[in-house]
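The following note is offered to a first-year reader who has the sequence and the model at hand. Each numbered point may be checked against the display below.

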Amino acid sequence: LVPHSRVASQVLDVRDLAAWRVRAGLERATGVVNVSGPVVPLGDHLGAARDVAGHRGEIVPVDQDWLAAHEVRPWSGERSLPLWLPLPEYAGFMARSTAAATSLGLTSRPLTDTLTDTLAWELASGPGRARKAGLSPSDEVDLLAGARQ
């Protein structure tokens, strides 16, 4: 399920955040900054995730109203679609300028590196662990079937 393409993502690898926090502390950097990764259109982010995972299946676009009508929650929690935030309520949420943090030394590794390492961690963690967010496999199958109609 892919929500509309007007949504952005802004992911920062926790390893980059940790390294920056240590450097900023040692350098006694101060100021109010937005700390996040670069702005990436959600469609590009999901395309990179597909490439990393080797997914060649069908892409099923859906409207945010369709997701809400089918009780899919945005962002997190049970029956959620992580990285999706409805518009206009969250317009600009994942499009914050990180110029101030970058000027203080924040760097971000390529998204594909984060996705590759996250997938490796996920696979090593095993399929049976409890989930606190996302769709269950059976929910995803049911939603995909409904979206194709």
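1. **The loop that holds Val35.** Val35 is found in the loop between α1 (14-26) and β2 (40-41). The structure discussed here is a predicted model. Is Val35 buried, exposed or partly exposed? Val35 counts as partly exposed because its relative accessibility is 32%, and the partly exposed class runs from 20% to 50%. Together with Val14 and Leu17, Val35 forms a nonpolar patch on the surface. The accessible area of these three residues together is about 220 Å².

2. **Thr98 and its contacts.** Thr98 is placed in the loop between β4 and α4 (99-103). With a relative accessible area of 12%, Thr98 is buried, since the limit for that class is under 20%. Which residues does Thr98 touch, when those up to four places away in sequence are not counted? They are Gln10, Asn34, Val35, Ser36 and Gly37. Val35 thus appears both in this list of contacts and in the surface patch of the previous point.

3. **The chain as a whole.** The secondary structure comes to six helices and four strands. Read from the N terminus on, the order of elements is β-α-β-α-α-β-β-α-α-α. The C-alpha trace spans about 55 × 40 × 25 Å along its principal axes. The protein chain has 149 residues, of which 28% count as buried. Its accessible surface comes to about 9500 Å², and carbon and sulfur atoms account for 57% of that surface. Among contacts with a separation of 6 or more, 77% are between residues 24 or more positions apart.

4. **The nonpolar cores.** Which residues make up the largest nonpolar core? Nine residues do so: Val60, Val62, Trp66, Leu67, Val72, Leu81, Trp84, Leu143 and Leu144. The elements α3 and α6 each give two or more residues to this core. There is also a second, separate core of five residues, including Trp20, Ala24, Ala101 and Leu106.

5. **Helix α5.** Helix α5 covers residues 111-125 and has 15 residues. What span should be expected for this helix at 1.5 Å a residue? The expected span is 1.5 Å times one less than the number of residues, which gives 21 Å for helix α5. The end C-alpha atoms of α5 are 21 Å apart, so the model agrees with the expected value. The helix is followed by Gly126, which has a positive phi, near 90°. As background for reading any such element, an α-helix has 3.6 residues a turn, so residues three or four places apart point the same way.

6. **A salt bridge between α1 and α5.** The structure holds eight salt bridges. In one of them the side chains of Arg15 and Asp117 meet, with an N to O distance of 2.9 Å. Arg15 lies in helix α1 and Asp117 in helix α5, so this pair ties together parts that are 102 residues apart in sequence. Arg15 is partly exposed, with a relative accessible area of 37%. Asp117 is also partly exposed, at 35%.

7. **Two salt bridges that involve α6.** The side chains of Glu58 and Arg148 meet in a salt bridge of 2.7 Å, N to O. Glu58 lies in the loop between α2 (42-53) and α3 (64-69), whereas Arg148 lies in helix α6, so the pair links parts that are 90 residues apart in sequence. Arg148 is partly exposed, with a relative accessible area of 48%. Arg79 forms a salt bridge with Asp139, and their closest N and O atoms are 3.0 Å apart. Why does this pair tie together separate parts of the sequence? Arg79 lies in the loop between β3 (73-74) and β4 (80-81) and Asp139 in helix α6, so the parts that they join are 60 residues apart in sequence. Both residues count as partly exposed, Arg79 at 24% relative accessibility and Asp139 at 22%. Elsewhere, salt bridges that share partners join Asp13, Arg15, Asp16, Arg109 and Asp117 into one network.

8. **Glu140.** Helix α6 (residues 137-148) also contains Glu140. Glu140 counts as partly exposed because its relative accessibility is 36%. How far apart in space are Glu140 and Leu115, C-alpha to C-alpha? The distance is 21 Å, and the two residues are 25 residues apart in sequence.

Key: Residues are numbered from 1 along each chain as its sequence is written. This is a predicted model: local features need pLDDT of at least 70, side-chain atom pairs count only at pLDDT 80 or more; totals for chains, interfaces and linings use all residues. Side-chain values use heavy atoms; hydrogens and water are left out. Patches are made of residues with over 30% relative accessible area and no salt bridge: like charges are joined within 9 Å, nonpolar side chains (Val, Leu, Ile, Met, Phe, Trp, Tyr) within 5 Å. Accessible areas come from the Shrake-Rupley method with a 1.4 Å probe; for residues, only the protein chains shown count as cover. A salt bridge is a side-chain nitrogen of Lys or Arg within 4 Å of a carboxyl oxygen of Asp or Glu. Buried means under 20% relative accessible area, exposed over 50%, partly exposed in between (1.4 Å probe, protein chains only). Contact means heavy atoms within 4.5 Å. A nonpolar core is a set of buried Ala, Val, Leu, Ile, Met, Phe, Trp, Tyr and Cys residues joined through side-chain atoms within 4.5 Å.
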